[in-house]
Amino acid sequence: MTPTSQKKTPKRTPPNKKTKKAPAKASPKASDTWDPNIVVFACNWCSYAGADTAGVSRIQHQPHFRMIRVMCSGRIQPGFVLRAFEKGADGVLVSGCHFGDCHYIFGNERAVEQFEKTKNVVRLLGLEEERLRLEWISAAEGVRFAKVINEFTDQVRALGPSRLRPKRQTG
Ligand code: FES
């Protein structure tokens, strides 16, 4: 057998880049480009620690919130929540220990009463009730913390910016 009788394998040609089309990008909607400001009031003993657990466990969640640590959810008065809205919050989450776990025995029962009053004031101001949420999250519930944050952020994003947001000064 001579070397010229051996079959040559055909050379591979690179795919023609001109014929490949990139998928068309959809134009972004306003709801896709806007991120809400969420304020989270978290009790020191449970919910704040639950957020810490989510962080230490590297559980992914949306980042559009600021956390304010309080010693007990019973400390959250309507004035705190209204001040948050006045300062530019689009949604406010109040979170504390589960019933029976409050370090001050009945603090979270008081939180429920305060939350009902807050809801009434928020309604009077013409804001949607969905901008407010009350949740019980324990120190071990990092996954639950992330789930609540994601759900609430999406819910507020769907509502759009709060009408109490201060107008941005230009110039
Ligand atoms: S100490 Fe957490 S709700 Fe009271």
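In the predicted model, the buried residues of H2 are Ser 47, Tyr 48, Ala 49, Gly 50, Ala 51, Thr 53 and Ala 54. Helix H2 spans residues 47–56, and 7 of its 10 residues are buried, so this helix is largely enclosed by the rest of the structure. The cover over these buried residues includes strands E1, E2 and E3. Helix H5 (142–159) also contributes to that cover.

Arg 58 follows H2. This residue is placed in the loop between H2 and E2. Its phi is near 55°, a positive value in a residue that is not glycine. Arg 58 has 7 C-beta neighbours inside 10 Å and therefore counts as exposed.

The strands form an open sheet. Its 4 members are arranged in the order E2-E1-E3-E4, and the pairing is parallel. Strand E2 (65–70) and strand E4 (132–136) are the edge strands, each pairing on one side only. On average, neighbouring strands of the sheet are turned by 20° against each other, direction ignored. Strands of a sheet pair through backbone hydrogen bonds, either parallel or antiparallel.

Strand E1 pairs with two partners, E2 and E3. E1 and E2 run parallel and are joined by 6 bridges. In this pair, Ile 38 stands opposite Phe 65 in E2. E1 (residues 38–43) and E3 (residues 91–96) pair in the parallel sense over 5 bridges. Here Phe 41 stands opposite Val 94 in E3.

E1 is also mostly covered, with 6 of its 6 residues buried. In a regular strand the side chains alternate between the two faces of the sheet. In E1, Ile 38, Val 40 and Ala 42 point one way. Val 39, Phe 41 and Cys 43 point the other way. All of these residues are buried.

Helix H3 covers residues 78–86, and Val 81, Ala 84 and Phe 85 are buried in it. These residues lie on the same side of H3, because they cover an arc of only 100° around the axis. The buried residues of H3 pack against E1, E3 and helix H4 (107–124). E1 thus takes part in the surroundings of two helices: it packs against buried residues of H3, and it is among the elements covering the buried residues of H2. E3 likewise appears in both settings, packing against H3 and helping to cover H2. Just after H3, Gly 88 takes a positive phi of about 120°.

H3 and H4 also meet each other. Their axes come within 9 Å and cross at roughly 40°. An angle under 35 degrees would count as roughly parallel, and 65 to 115 as roughly perpendicular. The two helices are therefore oblique to each other. Their crossing is right-handed. On the H3 side, the contact involves Pro 78, Val 81 and Leu 82. On the H4 side, Gln 114, Lys 117, Thr 118 and Val 121 take part. Val 81 is thus both a buried residue of H3 and one of the residues that meet H4.

Another positive phi is found ahead of H4. Ile 105 lies in the loop between E3 and H4. Its phi is positive, at about 65°, although this residue is not a glycine. Ile 105 is exposed, with 10 other C-beta atoms within 10 Å.

Technical notes:
Residues are numbered from 1 along each chain as its sequence is written. This is a predicted model: local features need pLDDT of at least 70, side-chain atom pairs count only at pLDDT 80 or more; totals for chains, interfaces and linings use all residues. Two strands pair if DSSP finds at least two bridges between them. Axes are lines fitted to C-alpha atoms, for helices over the stretch in contact, and angles run from 0 to 180 degrees between N-to-C directions. A residue is buried if 20 or more other C-beta atoms lie within 10 Å of its own, exposed if 12 or fewer, and partly exposed in between; C-beta atoms are placed from the backbone. The arc is that of the directions from the helix axis to the C-beta atoms. Two residues are in contact if their C-beta atoms, placed from the backbone, lie within 7 Å. Angles under 35 degrees count as roughly parallel, over 145 as roughly antiparallel, 65 to 115 as roughly perpendicular and the rest as oblique. A crossing is left-handed if the near helix is turned anticlockwise from the far one by less than a right angle, and right-handed if clockwise.
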